[in-house]
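Work through the exercises below with the sequence and the model open beside the text. Each task is followed by a solution that goes step by step.

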Amino acid sequence: MSTPISARPPASTRKQTLTTIVLALIILVPCLLGFGNKFKEFILLFRGDVDGVFAITPIMNYLLASLGFFCLFLWAILQGMFRDLEQPKKTMLENERMLDDED
Amino acid sequence: MSADVERERPRHEDLVDERLVSWYFLAALGYMFISMLGGFLMGFQLIRHNPLRGIELLSPGRWRMIHTNAIAYGFLANAFLGALHWAVPRLALRPVLDRRLSYFIFGAWQVVVLSTAVGIMLGQAQGLEWGETPVWIDPLALAGLLLVAINFLAPIVRLRGPMYVTLWYFTAAFIWTFLTYAMGNFIPQYFVSGTSAGAVGGLFIHDLVGLFVTPLGWGLMYYFVPIMLKKPVWSHGLSLVGFWGLAFFYPLTGIHHFLYTPIPMFLQYGAVISTIAVEMVVTTVLINFFVTLRGATGALTNNLPIRWFYTGMVFYGLTCLQCAFQTTLTFQALIHFTDWVVGHAHMVMFGVFSMWLLGTMTYLFPRLLKTDWYSRTLCEWHYWLSALGIGLMSADLIVAGPFQGYFWASLLPWDVSVDFSIPFWAVRLVAGTMMFTGLLVFLTNLALTWAQARRAEEPAVLAAAA
């Protein structure tokens, strides 16, 4: 019988971690700046022009959906969902092997 | 979770209702046949040979809506539900909430899809792209989506500890699909109008792709690809960047369909920026899958489902590249309303998600029927006709689009642009014929495989009876 996947050395390398962080920063920083800037423009428009109010609908849709997922994100952090980022991929394959062996 | 596994030792047959998975797949293929037949007939109409001329119930305007709705809610939804009934219980190691509820949802969903088709043919379509479902069906459809979420979330929420990325995608999809459907079908109909309704409509159309089919599609890829390659995905951390990136950036992208409209420019620019953010997220996902393939590229030739999956990923990359062009204001001014967009939509719906689901079926049908495919050659024909067909159709329409845009910008009579487009539409018909033939080949192979499975079963049944 082959060695269980979980018994092998961790697959996560320094290079992988670095790549993940760099890509996350490349995505997050410009987008947060862009969104923040446009949201500021929205507030200014809202204060100065009553007709601009109709733009609230898509913005509110977005903010409500994002708020829900931000809460989910915080809950996931508190639950330790991101404590061992690479373990779930190994567990998944182990479970699949177990189910197919039972077959 | 491992302690639970040791205690319970779940078995596949206790987790997965294979008969229901088969039913969903067969229903999906039935709707795909209807949708592609509609597209095939519409192809003749475009080259001025409408075979259904004079039949009001089957007029091109109605058939077009049936074509799009049958693919979105008939094929994609049924095929996804079938695949979910396989993947979710095996990932969560727990069955869905209630098998009777699963069968009820199956029946109810077919009623929703067929009622939509009948409603559209009778002229009751709602005035919203991909939300044409008649208003009296909307509450039923929404209730169905709620039941789907409850049925599948029940085993997922009982999990403890870090969750595999597929389940993150599925969890989000159940919530997003419900919210997106409610937003698109109820807010413009009952609560807002004018530009505001237009803005919500833009969010709905795009979110239906990005928050319904995209998370389910990528979730399935993160599940099936490692299983077939027999190696884990390269970086689970990077896959989570992809998921959370989609969660936070995608919902605002929809307004990029409404550039140059009265919607405030800061919202339009916001949509462009979030679209660029999604492009970056998509890049991380594609990098992850293609690095996972490293050392196993032979699977692209030997393993047919893997070939379907990675072809879909290539098309996904291409559609996102298109998006990057489409969201620039100058390019949008040229290609809006042209066949470029039609090519883009076909590449997304068939080239990506249908390819993934047909690959899933190619993998699962032999397991469901407990026999190999009747003919590997027919499977190959199905793949090549589909892949080359959608490649040709997309390329043809994407090339035609800018030409049409320049014709319109030159203020020549409309007819000139139509006459110019006829050869492109003839090529489109050839491509559609290839794809439709591919489906017919697949259905034939499936019928022969089913007959083969029945023949293999007979001696066992007779022996048991004796």
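A nonpolar core is a set of buried Ala, Val, Leu, Ile, Met, Phe, Trp, Tyr and Cys residues joined through C-beta atoms within 7 Å. The model to which this is applied here is a predicted one.

**Exercise 1.** Determine how many residues the largest nonpolar core has, and which element gives the largest share of this core.

*Solution.* Start with the count: the largest nonpolar core has 158 residues, and those with the most contacts inside it include B:Ala28, B:Leu76, B:Phe309 and B:Trp356. Next, assign the residues to elements, which shows that helix H4 (residues 60–92) of chain B contributes the largest share, 20 residues. Then turn to chain A, where domain 1 (14–48) and domain 2 (54–103) each supply at least three residues to this core. Finally, take B:Trp356 as an example: leaving aside its neighbours within four places in sequence, B:Trp356 is in contact with B:Gly217, B:Leu220, B:Met221, B:Trp308, B:Phe309 and B:Gly312.

**Exercise 2.** Describe the contact between the chains, beginning with how many residues each chain gives.

*Solution.* Chain A gives 41 residues to the contact and chain B gives 46 residues. On the side of chain A that touches chain B, two or more residues come from each of H1 (14–48), H2 (56–78) and H3 (87–102), and H1(A) provides the largest share, 13 residues. Sorted by character, the residues of this side are 22 nonpolar, nine polar and 10 charged.

**Exercise 3.** Assess where in chain A the confidence is lowest and highest among the helices.

*Solution.* The average pLDDT of chain A is 77, with 73% of the residues scoring at least 70. Confidence is lowest in H1(A), at a mean of 79, and highest in H3(A), at 92. Over residues 1–9 of chain A, however, the pLDDT is below 50, although this stretch has seven contacts in the model beyond near neighbours in sequence. Where pLDDT is low, the predicted coordinates should not be read in detail.

Technical notes. Residues are numbered from 1 along each chain as its sequence is written. Chains are lettered from A and ligands numbered from 1 in the order in which they are written. This is a predicted model: local features need pLDDT of at least 70, side-chain atom pairs count only at pLDDT 80 or more; totals for chains, interfaces and linings use all residues. Two residues are in contact if their C-beta atoms, placed from the backbone, lie within 7 Å. Helices (H or I, at least four residues) and strands (E, at least two) are DSSP runs, numbered from the N terminus. Ala, Val, Leu, Ile, Met, Phe, Trp, Tyr, Cys and Pro count as nonpolar, Asp, Glu, Lys and Arg as charged, and the others, Gly among them, as polar. A residue is buried if 20 or more other C-beta atoms lie within 10 Å of its own, exposed if 12 or fewer, and partly exposed in between; C-beta atoms are placed from the backbone. Domain bounds come from an automatic or database domain assignment. pLDDT is the predictor's confidence in each residue, from 0 to 100.
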